[in-house]
Amino acid sequence: MHDVTMSAINSFEQIQNSRSKILIQKLVKAIHQYIDEVELTQSEWEVAIDFLTRTGQLCHDQRQEYILLSDVLGVSMLVDEINHSKNVEQTPSTVFGPFFIANMPVRNYAESIVEENIDNEIPLLVKGKILNQQGEAIVGAKIEVWQTAENGMYSGQDPQQTITNLRGAFISQVQGEYAFKSILPVSYQIPSDGTVGELLNYSKRHFWRPAHIHFMITAEGYQPLVTHLFIQDDEYLNGDAVFGVKERLVVGFQQQHPNAEGQAKFALDQRYNLIHYDFVLSEGASDVDTN
């Protein structure tokens with residue numbers, strides 16, 4: 001081990017939080033080992049610094065290029081696997097993605113998240129329950145949802161959409177029920193106009209993600225759940241650009257004709273598509289250490 005490596009590792013010895021000290025010292029050691037192993041040149045180091053700098057410059061409240069970079073490198077799903085693979089009762093988690101926007105409207109039960117006029121689009125009803133691992137209803141859970149429009153772009157990414165289009169938060173009702181109306185999601189390409197796009201083009205990798213709806217579910221006394229519902233038979237389920245597909249998150253949808261329940265409970269007086277999915281949360285607090 002080089003003297004500078006030992007000096008750099010030891011320089012963080014005064015960190016009082018033991019977990020933080022391990023994380024930082026191990027990271028420094030791994031970076032130094034990588035540089036030593038590949039014999040990194042000065043020009044290669046400068047290219048890396050430039051890439052990371054430009055990645056940071058692309059980040060803002062409505063786009064997180066660093067999250068996207070983590071996703072395409074498989075890092076996001078490795079962290080997910082390490083932290084969630086043993087809990088088989090809980091609904092599987094998956095990548096957070098770079099296009100979440102906080103503080104979206106809290107909408108009423110069965111309200112639509114579609115704010116733009118869409119011609120001849122069959123509505124989608126997504127409904128189910130929020131449950132604990134014992135199958136008991138969780139009342140008052142916050143269910144935040146977001147998805148792309150039919151053009152494959154999220155609001156905040158697409159200037160033609162209102163910022164709240166195809167986004168919203170819902171609160172689980174008595175019996176843990178939730179419901180909202182939307183449209184079927186579509187397969188789409190992750191952004192190619194930034195540093196992640198440069199990396200994928202250089203690597204001759206494709207940009208496609210299978211159709212999905214994002215969910216982030218939080219409730220007092222339970223671990224937050226970040227996940228998707230993927231649409232069955234999508235051609236990119238076996239080749240997701242960010243490695244995020246899990247079998248238990250793949251769902252089918254059924255076409256429903258006008259019926260009494262649809263009209264009375266969900267204000268649907270026309271033909272619609274239905275996805276029914278129950279989410280299961282694990283008891284416990286978040287593992288984030290803010291100290």
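Colleague: Let me begin with one pair: which residue of strand 11 stands opposite Lys 127?

Modeller: Opposite Lys 127 you find His 276, in strand 11. Before we go on, this is a predicted model, where local features need pLDDT of at least 70 and side-chain atom pairs count only at pLDDT 80 or more, while totals for chains, interfaces and linings use all residues. Residues are numbered from 1 along each chain as its sequence is written, and side-chain values use heavy atoms, with hydrogens and water left out.

Colleague: How do I read strands and their pairing?

Modeller: Strands (E, at least two residues) and helices (H or I, at least four) are DSSP runs, numbered from the N terminus. Two strands pair if DSSP finds at least two bridges between them. Here, strand 1 and strand 11 run parallel, joined by four bridges. Strand 10 (residues 254-256) runs antiparallel to strand 11, with three bridges joining them. In that second pairing, Gln 255 has Asn 273 of strand 11 as its bridge partner.

Colleague: Is strand 11 mostly covered or mostly open?

Modeller: Mostly covered: of the five residues in strand 11 (residues 272-276), four are buried. Buried means under 20% relative accessible area, exposed means over 50%, and partly exposed is in between (1.4 Å probe, protein chains only). Across the protein, 41% of the 291 residues are buried.

Colleague: What about salt bridges? How many are there?

Modeller: In general, side chains of opposite charge can pair when their charged atoms come close. The cut-off for a salt bridge is a side-chain nitrogen of Lys or Arg within 4 Å of a carboxyl oxygen of Asp or Glu. This structure holds 11 of them. Our friend Lys 127 is in one, with Glu 261, at 3.7 Å from N to O. That pair links distant parts of the chain, 134 residues apart: Lys 127 sits in strand 1 (residues 124-131) and Glu 261 in helix 7 (residues 260-266).

Colleague: Are those two residues buried or exposed?

Modeller: Lys 127 counts as buried, at 14% relative accessibility, and Glu 261 counts as partly exposed, at 42%. You can read another pair in the same manner: Arg 107 and Glu 111 meet in a salt bridge with 3.5 Å from N to O. In that one, Arg 107 is buried, at 9% relative accessible area, and Glu 111 is partly exposed, at 29%.

Colleague: Which residue forms a salt bridge with Arg 54?

Modeller: Glu 198 does, with the closest N and O atoms 2.7 Å apart. Arg 54 belongs to helix 3 (residues 42-57) and Glu 198 to helix 6 (residues 195-203), so the salt bridge ties together parts that are 144 residues apart in sequence. Both are partly exposed: Arg 54 has a relative accessible area of 28%, and Glu 198 has 40%. There's a third member too, since Asp 50, Arg 54 and Glu 198 are linked in a network of salt bridges.

Colleague: How do I describe the way two helices pack?

Modeller: Two packed helices are described by the angle between their axes and the distance between the axes. Axes are lines fitted to C-alpha atoms, for helices over the stretch in contact, and angles run from 0 to 180 degrees between N-to-C directions. Under 35 degrees counts as roughly parallel, over 145 as roughly antiparallel, 65 to 115 as roughly perpendicular, and the rest as oblique. Take helix 3 and helix 6: their axes come within 9 Å and cross at roughly 135 degrees. That makes helix 3 oblique to helix 6. Phe 51, Arg 54 and Thr 55 of helix 3 make the contact with Thr 195, Glu 198 and Leu 199 of helix 6, where contact means heavy atoms within 4.5 Å.

Colleague: And which residues of helix 3 meet helix 4?

Modeller: Phe 51, Leu 52, Thr 55 and Gly 56 of helix 3 meet Glu 65, Tyr 66 and Leu 69 of helix 4. The axes of helix 3 and helix 4 (residues 65-72) come within 7 Å and cross at roughly 125 degrees, and these helices are therefore oblique to each other.

Colleague: Where do I go for the overall picture?

Modeller: Count seven helices and 12 strands in the protein. Its C-alpha trace spans about 75 × 40 × 30 Å along the principal axes. Among contacts with a separation of 6 or more, residues 24 or more positions apart account for 70%.
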